[in-house]
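Thanks for asking me to take a look at this one. My comments are below as numbered points, so you can follow them with the structure open beside you.

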Amino acid sequence: MTFTIIVLPGDGIGPEVTHAARQVLDAAAAQTGIEITYKERLIGGCAIDRLGTALDEATLAECQQADAVLLGAVGGPKWDDPTAPVRPEQGLLALRKGLGVFANLRPVRVYPVLVDASPLRPERLQGVDLLVVRELTGGLYFGEPKGRLRQDGREGAVDSLVYWDYEIERVVDLAFQLAAGRRGRLASVDKANVLETSRLWRQIVQQVSRRYPQVQVEHVLVDTAAMRLVTSPAAFDVIVTENMFGDILTDEAAVLAGSMGLLPSASLGGRGGGLYEPIHGSAPDIAGQGIANPLGAILSAALLLRYALKQEKAARAVEQAVERALQEGCRTRDLGGSLSTRAMTDAVLDRLSLEDSF
Ligand SMILES: NC(=O)c1ccc[n+]([C@@H]2O[C@H](COP(=O)([O-])OP(=O)(O)OC[C@H]3O[C@@H](n4cnc5c(N)ncnc54)[C@H](O)[C@@H]3O)[C@@H](O)[C@H]2O)c1
Ligand SMILES: CC(C)[C@H](C(=O)O)[C@@H](O)C(=O)O
Ligand SMILES: [Mg+2]
């Protein structure tokens, strides 16, 4: 079997971590007997510099045709001028929208050997294994009107928070399915005490919940959820929430795991095989030094193997190789160690074995 993957390394540490993920994918493919063809394309700031747009139409079309898309990160200080006509992040948003990937799965596991890497007390971190399902193609990121306002000589700006029933229903339904396959608990996070969109969200969660009597659902206000993520994170199983809340809560959740560099994501929905990217950004402060943690990207490659290529055994083998490397003390700098991106990737490759995976 041959699969085509579009690789979008992007900016900053993006190329460093996608290179690592590709090496691991190649090793897993070799052991599985599948073949992967890669096509590398531009997105983000590098695409603005070379093509004048953050994502060109031909690249989006190729992504829509591919078996999966693997992305590094976009953005950086070079393109941060708030008055610039085009921003790197627009490329990423156009890609998500163009692929129709409405559900962004962000698993958060605390590896027992990494409890020291988190500022939280170890007893609070015990047993943390949660999954954030973030709505990805609606809400404040996309709502219209959006833009600058001018009135009576004043300048303003507007972003609109809009959700339609079907947009909520499809992501909530998937979250219920995922919760049913896990510990059967779903926390729907909203701001229903203030926002009309959240009251619609709650109403739809209640309707969908009738289809999943085996799942225990609770509604949690986002401010409380932010607090509970650090006071009692192990109590969460699946969290489902809108686009912006999910963005913020998952950076917070990365602190539980020990580093931004650890968390992967899979964006599903639409017709294609999905989009796979670590949750971190282009990390301009460490870009080009070869010290970025590649594990978020490598674990995203594992999700790609699972959801896009349907290679569950290979996906598990990658996850187990990462776990073994961490258990045996391999650490990049963000985790208090001194391994380079390359050495950490080699540590995973050395431990990757489909025969030993369970
Ligand atoms: N998906 C994406 O492409 C994405 C995600 C988030 C931010 N961004 C963009 O990235 C740029 C920088 O944003 P930021 O600095 O706020 O967030 P960031 O995630 O890039 O970095 C935050 C902190 O985490 C560290 N970090 C992140 N990934 C790491 C890794 N793999 N290994 C070790 N340390 C890591 C960084 O060094 C930095 O100290 C911005 O332009 C932003 O818009 C892009
Ligand atoms: C870069 C930005 C548009 C993006 C988001 O907000 O979705 C990032 O923060 C993420 O978490 O993937
Ligand atoms: Mg983010």
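1. How many nonpolar, polar and charged residues does the shell around ligand 2 have, by class? There are 2 nonpolar, 2 polar and 2 charged residues in that shell. By name, the residues around ligand 2 are Gly75, Glu89, Leu92, Asp247, Ile279 and Gly281. Please keep in mind as you read that this is a predicted model.

2. On confidence, the average pLDDT of the chain is 97, and 100% of the residues score at least 70. The model has an ipTM of 0.98 and a pTM of 0.98.

3. Now for ligand 1. Its surroundings comprise 22 residues, and the closest are Gly75, Gly261, His280, Gly281 and Asn293. Sorted by class, the shell of ligand 1 holds 10 nonpolar, 8 polar and 4 charged residues. Two names are worth finding in your viewer: Gly75 and Gly281 are among the closest residues to ligand 1, and Gly75 and Gly281 also belong to the surroundings of ligand 2.

4. Next, the helix packing, beginning with helix H1 (residues 14-32) and helix H12 (residues 341-350). Their axes come within 10 Å and cross at roughly 15°. Angles under 35 degrees count as roughly parallel, so H1 and H12 are roughly parallel to each other. The crossing of H1 past H12 is right-handed. On the H1 side, Glu16, Ala20, Gln23, Val24 and Ala27 make the contact, while H12 supplies Thr341, Thr345, Val348 and Leu349. By class, this contact has 5 nonpolar, 3 polar and 1 charged residues.

5. Helix H3 (residues 57-65) and helix H4 (residues 88-99) have axes that come within 10 Å, with a crossing angle of roughly 40°. H3 is therefore oblique to H4. H3 passes H4 in a right-handed crossing. In this contact, Leu60, Cys63 and Gln64 of H3 meet Ala94, Leu95, Gly98 and Leu99 of H4. The class split is 5 nonpolar, 2 polar and no charged residues. You may also like to locate Glu89 and Leu92, which are among the residues surrounding ligand 2.

6. How do helix H6 (residues 165-180) and helix H7 (residues 196-209) pack, and at what angle? The angle is about 45°, and the axes are 9 Å apart. H6 and H7 are therefore oblique to each other, and H6 passes H7 in a right-handed crossing. From H6, the contact residues are Asp165, Ile168, Glu169, Val172, Asp173 and Phe176; from H7, they are Leu200, Trp201, Ile204, Val205 and Val208. Here the classes come to 8 nonpolar, no polar and 3 charged residues.

7. Finally, two backbone details to check by eye. Most residues other than glycine have a negative phi, and most peptide bonds are trans. The peptide bond from Glu144 to Pro145 is cis, with omega near 0°, and Pro145 is found in strand S6 (residues 143-151). Asp152 is not a glycine, yet it has a positive phi of about 50°. You will find Asp152 in the loop between S6 and strand S7 (154-160).

Conventions:
Residues are numbered from 1 along each chain as its sequence is written. Chains are lettered from A and ligands numbered from 1 in the order in which they are written. This is a predicted model: local features need pLDDT of at least 70, side-chain atom pairs count only at pLDDT 80 or more; totals for chains, interfaces and linings use all residues. A residue is near a molecule or strand if its C-beta atom, placed from the backbone, lies within 6 Å of it. Ala, Val, Leu, Ile, Met, Phe, Trp, Tyr, Cys and Pro count as nonpolar, Asp, Glu, Lys and Arg as charged, and the others, Gly among them, as polar. Axes are lines fitted to C-alpha atoms, for helices over the stretch in contact, and angles run from 0 to 180 degrees between N-to-C directions. Helices (H or I, at least four residues) and strands (E, at least two) are DSSP runs, numbered from the N terminus. Angles under 35 degrees count as roughly parallel, over 145 as roughly antiparallel, 65 to 115 as roughly perpendicular and the rest as oblique. A crossing is left-handed if the near helix is turned anticlockwise from the far one by less than a right angle, and right-handed if clockwise. Two residues are in contact if their C-beta atoms, placed from the backbone, lie within 7 Å. pLDDT is the predictor's confidence in each residue, from 0 to 100.
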